[in-house]
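Let's take a walk through a protein together, one step at a time. Have a look at the picture, and then read on.

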Amino acid sequence: MKDENCIFCKLANGEIPTSTLYEDEDFRVILDANPASKGHALIIPKEHYANLYELDDELASKVLVLAKKMITKLTDVLGCDGYNLVQNNGETAGQTVFHFHLHLIPRYKGDAVGIGWKLGKLTEGDKEEILSKI
Ligand code: AMP
Ligand code: ZN
């Protein structure tokens, strides 16, 4: 299903022009308009799913295979030194477009891409609580 108010539905289905790196019946892979680094791309399904929780299982299994193919090819093309795959779910997690997408972010030695977090320490309380509930 498409959502007529969703910009990524329009991008993925070619209603709005994009810098398309790859396309098949399920996905379009485009260059991000506000790249974190040179070559930052997005894998976008053609059907509308707001986030990973909603994503169809079959498509979910195809996404990582496609990501592997894309970063393998793009590493050759860009000459980058590594890759981060980022996928935000929910506003609190930094999601700004509510149509599932996977970021492919090339990394270059010495770049200024700020993906990281302050290391915490797993507490006994958290560990016991989570393991007892899962
Ligand atoms: P997120 O914050 O994970 O929801 O990521 C949304 C991403 O979509 C951001 O990196 C934006 O730069 C990117 N974006 C938004 N609109 C467009 C567009 N029209 N074309 C390409 N990328 C876009
Ligand atoms: Zn959509």
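A good place to begin is the set of residues that form the shell around ligand 1: seven of them are nonpolar, seven are polar and one is charged. Keep in mind as you explore that this is a predicted model.

Which residues come closest to the ligand? Of the 15 residues that surround ligand 1, the closest are Asp-32, Asn-34, Asn-88, Thr-96 and His-103. You can also look for the parts of the fold that take part. Ligand 1 sits in the largest pocket, and the elements that contribute two or more residues to the shell around ligand 1 are α1 (7–12) and β2 (27–31).

Now zoom in on the oxygen atoms of the ligand. In the side chain of Asn-34, an N or O atom is 2.8 Å from an oxygen atom of ligand 1. The backbone joins in too: a polar backbone atom of Thr-96 is 2.7 Å from an oxygen atom of ligand 1, and a backbone N or O atom of Gly-94 lies 3.0 Å from an oxygen atom of ligand 1. How much of the ligand does the protein cover? On its own, ligand 1 has 500 Å² of accessible area, and the protein covers 80% of that.

Finally, let's visit His-40, which you will find in the loop between β2 and β3 (41–45). Is His-40 buried or exposed? His-40 counts as buried because its relative accessibility is 5%, and the cut-off for buried is under 20%. Try locating Asn-84 as well: Asn-84 and His-40 are 44 residues apart along the chain, and their C-alpha atoms are separated by 9.7 Å.

Conventions: Residues numbered from 1 in each chain as written. Chains lettered and ligands numbered in written order. Predicted model: local features only at pLDDT ≥ 70, side-chain atom pairs only at ≥ 80, totals over all residues. Heavy atoms only, no water. Near = heavy atom within 4 Å. Polar contact = N/O pair within 3.5 Å; in protein donor to acceptor, adjacent residues only side chain to side chain. Areas by Shrake-Rupley, 256 points an atom, 1.4 Å probe, with all protein chains shown as cover. 1 Å grid on protein atoms, 1.4 Å probe; cavity = no way out; pocket = protein on both sides within 12 Å on 5 of 7 lines; lining within 4 Å. Sits in = over half its atoms within 2 Å of the grid points. Helix = DSSP H or I, 4+ residues; strand = E, 2+ residues; numbered from the N terminus. Nonpolar A, V, L, I, M, F, W, Y, C, P; charged D, E, K, R; others polar. Buried < 20%, exposed > 50% of the residue type's maximum accessible area, 1.4 Å probe, protein only.
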